[in-house]
Amino acid sequence: GLQQTIAFTFWKLHTDADSWATPAHLTRVAWLESAMDPLPPDSPFPDTTFREWRFRRRVLDPLVWFGLLESRELPRNERWERPIEVRKTPLYDRLLRFVLS
């Protein structure tokens with residue numbers, strides 16, 4: 001489902017990632033409910049945590065690797081956590097243009 005709605009996701013990142021934003025916030029605003037993967041029946045994680053993890057791994061991390069988003073680490077509550085915030089880089093708006101008419 002994500003592939004069919006990625007244009008919406010990129011547009012929402014264009015509008016909502018001008019300043020630092022958490023993956024949880026971006027998951028809520030930039031990933032359409034119809035495109036979200038169903039929660040595996042044996043998942044030990046809450047639904048929102050699973051969806052945030054999937055969105056971060058499928059969308060946000062690759063955009064950081066390509067230099068379209070930048071990330072910064074936040075303080076950890078647990079050793080295994082790696083909380084971040086992301087925002088657009090100037091390259092994002094140079095590469096992706098949105099003309100709505």
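1. D18 is exposed, at 51% relative accessibility; exposed here means over 50% relative accessible area, buried under 20%, and partly exposed in between (1.4 Å probe, protein chains only). Please keep in mind that this is a predicted model, where local features need pLDDT of at least 70, side-chain atom pairs count only at pLDDT 80 or more, and totals for chains, interfaces and linings use all residues. Residues are numbered from 1 along each chain as its sequence is written, and side-chain values use heavy atoms, with hydrogens and water left out.

2. The partner of D18 is worth a look: its side chain forms a salt bridge with that of K88, at 2.7 Å from N to O. The pair links distant parts of the chain, with D18 in the loop between α1 (6-16) and α2 (23-30) and K88 in strand β2 (residues 84-88), 70 residues apart. A salt bridge is counted when a side-chain nitrogen of Lys or Arg lies within 4 Å of a carboxyl oxygen of Asp or Glu. K88 counts as buried, because its relative accessibility is 9%.

3. You may like to view R87 alongside K88. The side chains of R87 and E70 meet in a salt bridge of 2.7 Å, N to O. This pair, too, links distant parts of the chain: R87 sits in strand β2 and E70 in strand β1 (residues 69-73), 17 residues apart. Both ends are partly exposed, R87 at 28% relative accessibility and E70 at 31%. Elsewhere, D18, K88 and D93 are joined into one network by salt bridges that share partners.

4. A third salt bridge joins the side chains of R57 and D61, at 3.4 Å from N to O. The two are four residues apart in helix α3, so about one helical turn separates them. R57 is partly exposed at 36% relative accessibility, whereas D61 is buried with a relative accessible area of 11%. In the whole structure, the search finds eight salt bridges.

5. Back at the loop between α1 and α2, A17 also lies there. A17 is buried, with a relative accessible area of 0%. Leaving aside residues up to four places away in sequence, A17 touches K12, R87 and K88, where a contact means heavy atoms within 4.5 Å. The C-alpha atoms of A17 and T89 are 9.3 Å apart, although their positions lie 72 residues apart along the chain.

6. On the overall fold, the protein chain has four helices and two strands, in the order α-α-α-β-β-α from the N terminus. These elements are DSSP runs numbered from the N terminus: helices are H or I with at least four residues, strands E with at least two. Buried residues account for 33% of the 101 residues. Among contacts between residues at least 6 apart in sequence, 51% join residues at least 24 apart.

7. For pocket work, the largest pocket has a volume of about 470 Å³. Of its 15 lining residues, T49, E52, W53, R56 and W80 are the closest to its centre. Helix α3 (residues 47-65) gives the most to the lining, with six residues. A pocket is an open set of points on a 1 Å grid over the protein atoms alone, where a 1.4 Å probe fits, with protein on both sides within 12 Å along at least five of seven lines; lining residues have an atom within 4 Å of a point. The volume is the space filled by probe spheres set on the points, which are joined across faces, edges and corners.
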